[in-house]
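Got the viewer open? Let's take a walk through this one, one selection at a time.

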Amino acid sequence: MKILVCISNVPDTTSKINFTDGDTKFDTNGVQFVINPNDEFGLTRAMWFKEKQGATVHIATVGGTTVEPTMRKALAIGADEAIRINTEPTDGFSVAQQLAEVVKNGNYDLVIGGRESIDYNGGMVPGILASLTNMNFINSCINLEIDGNSVNAVREIDGGKEKLSSSLPLVVGGQKGLVEESDLRIPNMRGIMMARKKVLTVVEPVDALKATEDKKFDKPAPKSQVKLADSVDQLVDLLHNEAKVI
Amino acid sequence: MSVLVYTESEKGKFKKNAFEVASYASEVAKMMGTTVTAIAFNSNENESLGEYGVSKVLHVKDDALATFNAGAYAASITEAVKNTDAKVVILSSSTDTKYLAPLLSAKLSAGYAPNVVQAPDSTSPFTIKRTVFSNKGFAHTQIDTDIKIVGVSNNAFGAHENKTDVTIEEIGIASDVATNNTKSIEVDKVVGKATIADADIVVSAGRGMKGPENWGMIEELADVLGAATACSKPVSDLGWRPHGEHVGQTGKPVASNLYIAIGISGAIQHLAGVSASKTKVVINNDPEAPFFKAADYGIVGDAFEVVPKLIEKLKDFKAQNG
């Protein structure tokens, strides 16, 4: 089985978010970048398929040279090879088109991406990619078993979960549940050394439709001071008469 | 040209978000000087969409689509978009809709903007405001394609009555359904309980509860309020509560009217995930807990004393106020 894990390079979850250039760009100053958490759950599940079922695991990222440290981290975790598509990721639609080209050329059986990236929250790349490459698609996937060509999966739904059957080739939108938080791996020294020698291929982008543009950003209005209640009686009174939520 | 809205139903009844997206579609249609067509699957109450500005309902009634299937639903919606010459497609932010939206986007070569929080800034160019960076910021996003897809955040725009004469047209299942051979085997869903996605009130608890055996009072409080239960990331990582209850940046987003956080200190990732909630209440014994800075109301106190008192008070309150 040949697996491609799509990795997005995103600000660490603890990052304070600021904008620059007249609020038209995300301010990367002082921001630590990491593997998108939803992608990392997918990568870790891919490692399981590598170790238990002999799968080959490639990763792909759309971005300039600045994304390479994050890609090397994915290699240090255990991916075999990396492909960087040499263009700035501008919108989900064009990113999906770039990845679709890699998928078509690489004959992958399984493609895993995160359900959404935690920066622009588009949540569209795996689905558009599946549609463009005529592969099956399961989103918000929280369990994935593969036997030969057949797939048994579970996806999260509002208020529960749904068991699904499908078949390869398949694209999965992954999230926590594909593996547990405690299964995530911190690269060890040997992994980091080996990652330096692994193949990282740079490919040039194809012409792609740019569907959306983020023109301007703003931040949520500052919160007014919390009102502390002295008793539950006072709290219920505030919620009923002032906030009018009960 | 028209605005097409997908109104979700479950077991024949529209979900709450159906009326929100219909209202949003009605507002967009007004801005563009056109009308709203809805598409619904196996719904028994299509006329009710007329209350929210929908003038035509395309109703797909077919047992083959009794269970949600992203590929098949996307195929039918795609056909409806083409047949009505719709230039704007309005969707909700449910898990099912977020499953089919990218398929629709690819089929229609249409730009998709999810997590939209208010009516468009303008319709020419088509620009909307949506949350980004997991609610830590907003983007004003311009959709440049001929057809535009807008995913409206839960509980952001609201449902607004706008009585309109509505006609209903029964339509067949789309011919092109075999594109995704993914099949549902079994749906495992809590019935008769509010879910985090559509609850008006969410009661959430964290490590301050000390152990899973103490969740009885959290569930009782949720019951009294008709609320959904949720938890912080550490609690789900420890296995005290199921993953589906984890709310925050890497869990589920919450956009309820009232969010009650008990024994949750308020890590930045948690605050981001729940910030779309309108009123936030914190109960914590540590007055320095960061959550107090992000909350509207709070009680500094031991959850094990405050929560039982709150349950009693709310029972009395409900008895008096119905």
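Start by selecting α6(A), residues 232–242 of chain A. This helix lies across β15 of chain A together with β16 and β18 of chain B, and it runs at about 175 degrees to β18(B). Keep in mind as you look around that this is a predicted model.

Now bring up the sheet under that helix. Six strands form an open sheet here, in the order β15(A)-β18(B)-β17(B)-β16(B)-β14(B)-β15(B), with parallel pairing. Where are the edges? They are β15 of chain A and β15 (228–231) of chain B, each of which pairs on one side only.

Zoom in on the place where the chains meet in this sheet. β15(A) and strand β18 (residues 297–300) of chain B run parallel and are joined by two bridges. For one of the residues to label, pick L228(A): its bridge partner in β18(B) is G298(B).

Next, move along to strands β16 (residues 258–262) and β17 (residues 279–284) of chain B, a parallel pair joined by five bridges. Which residue of β17(B) stands opposite L258(B)? That would be T279(B). While you're there, switch on α8(B), which packs on the sheet and touches β16, β17 and β18 of chain B. The direction of α8(B) makes about 130 degrees with that of β17(B).

Stay with α8 (residues 303–321) of chain B and add helix α4 (residues 216–225) of chain B. The two pack at an angle of about 20 degrees, with their axes 10 Å apart. Angles under 35 degrees count as roughly parallel, so α4(B) is roughly parallel to α8(B). The crossing of α4(B) past α8(B) is left-handed. To see the contact, show side chains for M217(B), E220(B), L221(B), V224(B) and L225(B) on α4(B). On α8(B), show V307(B), P308(B), L310(B), I311(B), L314(B), K315(B) and K318(B). What classes do these contact residues fall into? Nine are nonpolar, three are charged and none is polar.

Zoom out to the whole A–B contact, which takes 64 residues from chain A and 74 residues from chain B. On the chain A side, elements giving two or more residues include α4 (125–132), β9 (136–147), β10 (150–157) and β14 (212–218). Which element of chain A gives the most? Select β11(A), with eight residues. Colour the chain A side by class and you get 29 nonpolar, 17 polar and 18 charged residues.

β11(A) also takes you to another sheet shared by the chains. Ten strands form this open one, with mixed pairing, in the order β13(A)-β7(A)-β6(A)-β1(A)-β8(A)-β12(A)-β9(A)-β10(A)-β11(A)-β13(B). Its edge strands are β13 (200–203) of chain A and β13 (183–189) of chain B, and the twist averages 30 degrees from one strand to the next.

Within it, pick β1 (residues 2–6) and β6 (residues 56–62) of chain A, which pair in the parallel sense over five bridges. K2(A) has T56(A) as its bridge partner in β6(A). Then add helix α3 (residues 92–106) of chain A, lying across β1, β6, β7 and β8 of chain A and running at about 150 degrees to β6(A).

Last stop: colour chain B by domain, with domain 1 at 2–171 and domain 2 at 201–321. Their C-alpha centres lie 32 Å apart. Eight residues of domain 1 of chain B are in contact with nine of domain 2 of chain B, and the domain 1 side has one nonpolar, six polar and one charged residues.

Definitions and conventions. Residues are numbered from 1 along each chain as its sequence is written. Chains are lettered from A and ligands numbered from 1 in the order in which they are written. This is a predicted model: local features need pLDDT of at least 70, side-chain atom pairs count only at pLDDT 80 or more; totals for chains, interfaces and linings use all residues. Axes are lines fitted to C-alpha atoms, for helices over the stretch in contact, and angles run from 0 to 180 degrees between N-to-C directions. Helices (H or I, at least four residues) and strands (E, at least two) are DSSP runs, numbered from the N terminus. Angles under 35 degrees count as roughly parallel, over 145 as roughly antiparallel, 65 to 115 as roughly perpendicular and the rest as oblique. A crossing is left-handed if the near helix is turned anticlockwise from the far one by less than a right angle, and right-handed if clockwise. Two residues are in contact if their C-beta atoms, placed from the backbone, lie within 7 Å. Ala, Val, Leu, Ile, Met, Phe, Trp, Tyr, Cys and Pro count as nonpolar, Asp, Glu, Lys and Arg as charged, and the others, Gly among them, as polar. Two strands pair if DSSP finds at least two bridges between them. Domain bounds come from an automatic or database domain assignment.
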